[in-house]
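Dear colleague,

I am passing on a structure that you have not worked with before, and I would be glad if you could look through it with the notes below beside you.

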Amino acid sequence: MSTSTPSLNSEYFSTTPLQVRIDTHARYSEHPDDPAAAVLEVLDLAGTESLADIGCGDARFLAHLAERGHSGRLVNVDNSAAMVAAATAIPGVDGVLGEATALPLADREFDRTTARHMLYHVPDPVAALREFRRITRPGGRVVVTVNHARTCTRTGELVVSHAQAYGLEPVAELANSVNSDTLPEMMAEVFTTVSIARFDNALVFDTAPPLIRLAHAMASFCGVGTDSPHRDAILADVATDIHRWFASNPGQVWRDPKGYIVATGIVE
Ligand SMILES: C[S@@+](CC[C@H](N)C(=O)[O-])C[C@H]1O[C@@H](n2cnc3c(N)ncnc32)[C@H](O)[C@@H]1O
């Protein structure tokens, strides 16, 4: 399925753009960047806890936990059927189709709940935080990660400028105002005890191809739908512009600041 106006359904109809973005961050960060390790650090797992990962994406986080022998129940939740299918394919991990604000899970069912880089897409993020608290047992932890407001802005603005040349604009539905500036206050509305860890970094590219791959994987967020009649032309313009930048700036790198916070709420 695809639509010419980008939507969450079209963006997450396939796992591919998400995987390109994750792999690019893993490989082209200025300093080592391991958001999964940052989350694991605050989850403080013994290995037997039940854990729900909401907005699981391609499910690699819980796949990693299952591989390293976590024996507690692992449940991935996402509102995209493609992501749930990816989750269900992983041995030892359940996949559940569900909305973050109306989870098909029982009160206090889990020892830990995570929501990594997904709250941007939820129209009522505080309602989602209350759901995460509801499904987590007293004494358990809810761990949420979100990006800084200005993350990969340089690359995003490049794509947006080419989209605008064709009359396309970013769609508000794809990203609300949840970021590392706004999340702490939302967490404080829902949890009495909150701690925040901050991670600052940048993407750095010294050649055009990986930057072009990232820019293309960001296209939906920049207003370019998967079946926009202008998509191929816009992506070609973006690639030409990036090649031109490297040709005109020999020996320089394309640096794009980024970062995120890991917010932990203790359930009482
Ligand atoms: C940016 S991806 C992050 C995926 C994964 N957590 C990670 O960090 O790699 C956002 C994910 O949240 C899912 N999502 C978006 N809105 C949602 C909602 N309201 N309820 C549940 N999942 C949602 C999307 O389908 C997508 O898989």
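How many helices and how many strands does the protein have? Before the answer, please keep in mind that this is a predicted model. The protein has 10 helices and 7 strands.

Beginning with the overall form, the C-alpha atoms of the protein occupy a box of roughly 55 × 40 × 35 Å, taken along the principal axes. The radius of gyration is 19 Å, which agrees with the value near 18 Å that a compact globule of 268 residues would have. Of these 268 residues, 51% count as buried, and the accessible surface of the protein comes to about 12,000 Å², with 52% of that area belonging to carbon and sulfur atoms. Among the contacts with a separation of 6 or more, 77% are made by residues that stand 24 or more positions apart.

The ligand comes next. It is surrounded by 18 residues, and the closest are Gly 55, Asp 78, Glu 99, Ala 100 and Arg 116. By class, this shell consists of 8 nonpolar, 7 polar and 3 charged residues. For Glu 99, an N or O atom in the side chain lies 2.9 Å from a nitrogen atom of the ligand, whereas for Ala 100 a backbone N or O atom is found 3.0 Å from a ligand nitrogen atom. Arg 116 likewise places a backbone N or O atom 2.7 Å from a nitrogen atom of the ligand. On its own the ligand has 600 Å² of accessible area, and the protein covers 94% of it.

Finally, I looked at a single residue, Asp 200, which is found in strand 6, a strand that runs over residues 193-205. Is Asp 200 buried, partly exposed or exposed? Its relative accessibility is 49%, and because partly exposed covers the range between 20% and 50%, Asp 200 counts as partly exposed. Leaving aside residues up to four places away in sequence, Asp 200 touches His 31, His 148, Lys 258 and Gly 259. In the case of His 31, the two residues are 169 residues apart along the chain, while their C-alpha atoms are separated by 9.0 Å. With His 148, the side chain of Asp 200 forms a side-chain polar contact of 2.7 Å, and a further polar contact, of 3.2 Å, links the side chains of Asp 200 and Arg 198.

With kind regards

Notes: Residues numbered from 1 in each chain as written. Predicted model: local features only at pLDDT ≥ 70, side-chain atom pairs only at ≥ 80, totals over all residues. Heavy atoms only, no water. Near = heavy atom within 4 Å. Polar contact = N/O pair within 3.5 Å; in protein donor to acceptor, adjacent residues only side chain to side chain. Areas by Shrake-Rupley, 256 points an atom, 1.4 Å probe, with all protein chains shown as cover. Nonpolar A, V, L, I, M, F, W, Y, C, P; charged D, E, K, R; others polar. Helix = DSSP H or I, 4+ residues; strand = E, 2+ residues; numbered from the N terminus. Rg over C-alpha atoms; globule rule 2.2 N^0.38 Å. Buried < 20%, exposed > 50% of the residue type's maximum accessible area, 1.4 Å probe, protein only. Contact = heavy atoms within 4.5 Å.
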